[in-house]
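Hello,

I am passing a structure on to you, and some notes on what turned up in it follow below. Please have a look at it first.

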Amino acid sequence: MPTQRLSMRRIKEVLRLKHFQGLPERAIARSVGVSNGVVHSYLSRARSAGLSWPLPEGMTDEDLELLLFPAPRPASQSPQRPVPDWSYIDKELRRRNVTRRLLWEEYRAVNPDGFGYTWFCTTYEAWKGRVRPSMRQIHLGGEKVFVDFAGDTIDIVDPLTGEVQPMKLFVAAMGASNYTYAEACPSESLADWIRAHVNLFTFLSGTPTFVVCDNLKAAVSNPDRYDPGLNRTYAEMASHYGTAILAARPRRPKDKAKVEVAVQIAQRWILARLRNQRFFSRAELNAAIKTLVDELNARQMRGFGSSRAELFAELDKPKLTPLPDQPYAFARWKRCRLAPDYHVEVDGHWYSAPYRLIGELVDARIDDRTVEIFHKGQRIASHARAPNRRGHTTIADHMPSAHRRYGKWTPAAVIAAGERIGPSTAAFFQAAIDARPHPEQGFRTCLGILALVKSYGAD
């Protein structure tokens, strides 16, 4: 079965991570959730089309698809090609900044008729699977931050009702320095998850290249080992801060061992020390947590001769990407189908979109103030967020012309139409409207006369 083509949104993410982030293809493949060969294929198509990042202004998803997927052309292959020295390849990959792409290019420079990049990577993986050398993970400065929620909770008490609310502990740790961050959150919901990340990046005064997370619902919509689907809001937040998300494999805690250890330390250093204290607000609890986190980061680590804060300032902080001018504003995404009345439902309220897209799937982006509607990556409607439920917000330009004309028929408009014929007609229209309990009940009589005038004239 042929591989299903990626959506244009995910292809754009591949181009952004390659040309803006400067990530190697293997890292892009893990972030987007596809194979190395798929990433290489799309980047090759982009190079052939002369595309990089950012894309030309005004380019739609349809334009991008036409450039990336022209008619296929046959390719010739050499019957005999030399096989690389996999032991040498494996040794070189352990060196800093050496990538598979670089080694493949060096191989092809010596052997112009050699194998392609996809075969190179696939065959190397098969060789490594047979050899299985044991390798210790080395984290570069500013490269990764590992995030997770602790299993244990801590309570806050409502001072008025005495109600107890358990709070989740969000924990993050930098890969190179073990610099730790923690805060209490009401839940593991998407809004709390995003807010914790925004606070984390503010705490770090920058963003690392990768955020390594677990497969909780707020982060990963499809926790697949080979093709994890990221929550769209989470991916949008990562794009806002210029970072990339790496979801750990399901049931593989070693993929995020740094934060597993940090969670254990946080539970012992923070939760255990606060177990006998009573807190009456989340702000009060987080103030106490911040004090303990600062003490933890300032504490000398055995075997290092330095504290987490000292290592962070030396290794991680100089490599972080600067923060954007504005923090990320939380927004939800909802997949909708445009109803026959050309509206979509968001939180019990209905918002209009152009009627020509009736039946089409659209994406609604919902924040505190606005509701934006997108179709194939293009914004087609923007509405102020309505405070009421069971209502409709309609823009006249989204309506068919017949609907717009009907919407303009008010008692005043009908009587004005009669005045253009003559005073007697206007008086008759006024009487027809006043004689009915509801003005619209008299519209049909008036519209019938207007139809006769249109056919036969006013004389």
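Let me start with a pair of charged residues: Asp 61 and Lys 12 are both buried (under 20% relative accessible area, where over 50% is exposed and in between is partly exposed, with a 1.4 Å probe and protein chains only). Their side chains form a salt bridge, 2.8 Å from N to O (a side-chain nitrogen of Lys or Arg within 4 Å of a carboxyl oxygen of Asp or Glu). This pair links distant parts of the chain, with Asp 61 in helix α4 and Lys 12 in helix α1, 49 residues apart. Helices (H or I, at least four residues) and strands (E, at least two) are DSSP runs, numbered from the N terminus.

Before you read on, note that this is a predicted model, in which local features need pLDDT of at least 70 and side-chain atom pairs count only at pLDDT 80 or more, while totals for chains, interfaces and linings use all residues. Residues are numbered from 1 along each chain as its sequence is written, and side-chain values use heavy atoms, leaving out hydrogens and water.

Helix α1 has other buried residues too, including Met 8, Ile 11 and Val 14.

The whole structure holds 19 salt bridges. In helix α8, Arg 195 and Asp 192 lie three residues apart, about one turn of the helix, and their closest N and O atoms are 2.5 Å apart. Asp 192 is buried, at 7%, whereas Arg 195 is partly exposed, at 36%. A network of salt bridges links Glu 236, Arg 365, Asp 367, Glu 372 and Arg 379.

Enjoy exploring!
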